[in-house]
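Q: Could you take me through one part of this structure slowly, as if I'm new to this? I'd like to see how that part fits in with everything around it.

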Amino acid sequence: MLQHRKIRRAVEVCLDGEADAVLAAEVRRHLSECWSCSQDGEWLLLIRASLHRIEARRPVDLAVARLNRYATTVMKEGR
Ligand SMILES: [Zn+2]
């Protein structure tokens with residue numbers, strides 16, 4: 001359980017491009033074995049991708065802040 005929480009936080013670090021090679025490898029290995037985390041990882045990726053598209057058109061607004069907060073909540077709650 002603790003492992004899952006650690007990986008989920010690490011996924012965010014990876015998405016931010018701040019993970020080192022060791023952490024990135026650990027995350028990839030866990031995601032390839034864990035259905036729950038990989039599903040959350042993909043969900044987070046989709047949110048990030050859509051946020052980036054929005055940012056390209058206009059500055060960060062309330063909707064983006066809400067979406068970010070929602071993503072964080074989803075990650076914290078786990079399953
Ligand atoms: Zn997991």
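A: Here is a walk from the whole chain down to helix 4 and one of its residues, and then over to the core.

Keep in mind that this is a predicted model. The mean pLDDT of the chain is 81, and 86% of the residues reach at least 70. Confidence isn't even across the elements: helix 2 has the highest mean pLDDT, 90, while helix 3 (residues 35-57) has the lowest, 79.

Now the overall layout. You'll find four helices and zero strands in the chain, so to speak an α-α-α-α pattern when you read along the sequence. There are 79 residues, and buried ones make up 11% of them. Among the contacts with a separation of 6 or more, 51% join residues that sit 24 or more positions apart.

On to helix 4, which covers residues 62-77. Let's check its length. With 16 residues at 1.5 Å a residue, helix 4 should span 22 Å, and its end C-alpha atoms are indeed 22 Å apart, so the two values agree. What about burial? The number of buried residues in helix 4 is zero, so this helix lies largely in the open.

Zoom in on Ala71, which is part of helix 4. Ala71 has 18 other C-beta atoms within 10 Å; being buried takes 20 or more and being exposed means 12 or fewer, so Ala71 counts as partly exposed. Who does Ala71 touch, once you set aside neighbours within four places in sequence? Its contacts are Leu44 and Ile47. Take Leu44: this residue is 27 residues away from Ala71 along the chain, yet their C-alpha atoms are separated by 6.8 Å. Both partners, Leu44 and Ile47, have numbers that fall inside the 35-57 stretch of helix 3.

So where is the largest nonpolar core? That core is made up of six residues: Ile7, Val11, Cys14, Val27, Leu31 and Cys37. Two elements give two or more residues to it, helix 1 (2-15) and helix 2 (21-33). Helix 1 supplies the largest share, three residues. For a look at one core member, try Cys14: leaving out residues up to four places away in sequence, Cys14 touches Ala19, Ala24 and Val27. Val27 belongs to that core as well.

Putting the two views together, helix 4 has zero buried residues, whereas helix 1 and helix 2 each give two or more residues to the largest nonpolar core.

Definitions and conventions:
Residues are numbered from 1 along each chain as its sequence is written. This is a predicted model: local features need pLDDT of at least 70, side-chain atom pairs count only at pLDDT 80 or more; totals for chains, interfaces and linings use all residues. Two residues are in contact if their C-beta atoms, placed from the backbone, lie within 7 Å. A nonpolar core is a set of buried Ala, Val, Leu, Ile, Met, Phe, Trp, Tyr and Cys residues joined through C-beta atoms within 7 Å. The expected span of a helix is 1.5 Å times one less than its number of residues. pLDDT is the predictor's confidence in each residue, from 0 to 100.
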